[in-house]
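Dear colleague,

I am passing on the structure we spoke about, and I would be glad if you could look through it alongside the notes below.

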Amino acid sequence: MSTLGTLDARGTPAAATPQQVLADGIRWKRLEIIFWLCLLLPFVLTPSYLSLASQIAITALFAVSLDLILGYAGIVSLGHAAYFGLGAYAAGLLAKWGWGEPLTGLVIAAAVAGVFGYATSFIISRFRHLALIMITLGLGLLLHEAANSASGLTGGADGLQGVKMWPIFGAFKFDLFGTTAYVYSLVVLFLTVLVARRIIHSPFGLSLRGIRENAIRMPAIGASNDAHIRKIYTIAAVMAGVAGALLAQTTETVSLEVLSFQRSADVLVILILGGAGRLYGGIIGAIIYMVARDQFSGINPQYWYFWIGLLLVAVVMFLPNGILGGLARLTRSWRGKWW
Amino acid sequence: MVSDAAASNVAAGKAQGAIAALSTRALAKNFGSLVVASDIEIALPQGARYALIGPNGAGKTTLINLLTGMLRPDGGQVLLGDEDITTLDPQARVRKGLVRTFQINTLFPQLTALEAVLLAVSERKRYSGHWLRKLPAHGDAIDEAYAILDSLRLGPVCHRLTRELAYGQQRLLEIALALATKPRVLLLDEPAAGVPRTESAELFTAISGLSQELTVLFIEHDMNIVFRFATRIIVMVGGRILTEGTPQQIANDARVREVYLGGAHRG
């Protein structure tokens, strides 16, 4: 007889209680820890790219916030930049008006995005699929044009000038090399992922996956989809707002682009590229997308989207669950152990 | 067990003052000019095992949709115990203990069987609002979900994804999901649909093993199953109730024979 005992389909000992199996499924995997350690590598390997690294961390955070609604609850959004932009302008304006403390600025920006997210969630929860795409798209355009026309407040197409950030904890100044920016962004990304991780492993997270898998069945087991959707949409808006605020604070400027359709579309591409519904998909997608953009636009600044387009088509055709989905399929036998 | 006297018909039930677990009064529904339910009066006593039979298009699934709130009736009432639930939405009715399964599997393909049942349990226990407490911390819900799966012999496959389960197991999971809501009344829409004949008896054995507190109404086409597992039978034709009675009464009813053998009332 094997000393390993019998293994079920997921490679867990059959003797384990259901509770143990569930606990095992959500514990920290080695690969996860290695992944986070790898994110420290830019400090040593590419110290001249820390500004880019910080932008990647911010975009990754934005993508993780989209993943919570798209990947876990199945809410398709083409206007997620609305909350990113609100957070950016809130943090930027706050600093411009004389309160340059980064951490409180982050909290206030998150609150602003959250309030707008909560307000719009009442519309969002009533629709699905194509209608949802149109509504989120519309909300995004609305806000973009509002910011454009309120140029007295936002600086319009010229962007918001005069954003001056104070040092973090009064000690760490935002430097030209982006060292402080990357540390700051990475820490916030990590903390946000911790929260997101907890959410997706909670009973609430399970209900979200239920909505994604079969929204029509949910009422038949006594669930109220609307309340769940409003809640996760607000949480995702808060996280997107944090990402936007980080960008405003680390670059000390806010351009209209933070609210643009392009940003909403980019983050969707990033998430699908990396793999939706996998928590780390958004981060992987952001790294690949942003590095590719940096490299390709270095070769040819005008046509770099050609390559992104090619990459997207290839990924969707050959890796329908994104890069992480493809990797998971390749390493199915490792699953549970490493990932 | 259900006494014949208590359940012989609606009038008798009322006369005795017994409150049916689920009843309707003059329930009606039209789709345009098509009458899909007309003057439906049923009264299911607690613990009953009722079969709902009738030719295709008789309005059996429509009746379940009306009972569970997935369709709004044009007239009449639905009562759960002595409470009028006609205006409640489907999820509110589930919370009050009226739950259904579906003729076609409507499950959660990418959830494991355990996760799916756990989802239903945590919705009932109102754990689904917990977003900063881990799932494994809710041991009571997990134990309950596993017990339900185990009682339907799904224990060994509880960590498989739903889409990887055999078809018959998915049919059982449908029932497990319904049971996880702790129903008082369970409506089964062709629970054995698509299941090979040899296995469907097994499935109904599992159903008949459910708590005697639970009131069950099931739609089923296989008359052998119906006569074996139902204590009473309701026959529907053309959106109306043709008759109701014990299996013996139904088997000897000339009108029922005509509907099934003559095929005169199809539609």
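What follows goes through chain B as a whole, then one of its strands, and then the contact between the chains.

Please keep in mind throughout that this is a predicted model, and that the values below were computed from it.

Chain B as a whole

Chain B contains eleven helices and eleven strands, and its C-alpha trace spans about 55 × 40 × 40 Å along the principal axes. For 267 residues a compact globule would be expected to have a radius of gyration near 18 Å, and the 19 Å of chain B agrees with this. Of the 267 residues in chain B, 48% are buried. Among the contacts in chain B with a separation of 6 or more, 66% are between residues that lie 24 or more positions apart.

An enclosed strand

You may want to turn next to strand β4 of chain B, residues 49-53, where five of the five residues are buried, so that the strand is largely enclosed by the rest of the structure. In a regular strand, side chains alternate between the two faces of the sheet. In β4(B), B:Arg49, B:Ala51 and B:Ile53 point one way, while B:Tyr50 and B:Leu52 point the other way, and all of them are buried, the arginine included. β4(B) pairs in the parallel sense with strand β9 of chain B (residues 215-219) over four bridges, and there B:Ala51 stands opposite B:Phe218. β4(B) also pairs in the parallel sense with strand β10 of chain B (residues 232-237), again over four bridges, with B:Leu52 standing opposite B:Ile234 in β10(B).

Where the chains meet

Between the two chains, 39 residues of chain B are in contact with 30 residues of chain A. On the side of chain B that touches chain A, α4 (90-96), α5 and α6 each supply at least two residues, and α5(B) gives the most, with eight residues. By type, the residues on this side of chain B divide into 20 nonpolar, eleven polar and eight charged.

From chain A, helix α1 (residues 18-26) deserves a look, since A:Pro18, A:Val21 and A:Leu22 are buried there. These three cover an arc of only 95° around the axis, which puts them on the same side of α1(A). The buried residues of α1(A) pack against α5 (113-124) and α6 (139-151) of chain B.

With best wishes

Technical notes. Residues numbered from 1 in each chain as written. Chains lettered and ligands numbered in written order. Predicted model: local features only at pLDDT ≥ 70, side-chain atom pairs only at ≥ 80, totals over all residues. Buried ≥ 20, exposed ≤ 12 C-beta atoms within 10 Å, placed from the backbone. Arc of directions from axis to C-beta. Contact = placed C-beta atoms within 7 Å. Nonpolar A, V, L, I, M, F, W, Y, C, P; charged D, E, K, R; others polar. Rg over C-alpha atoms; globule rule 2.2 N^0.38 Å. Pairing = 2+ DSSP bridges.
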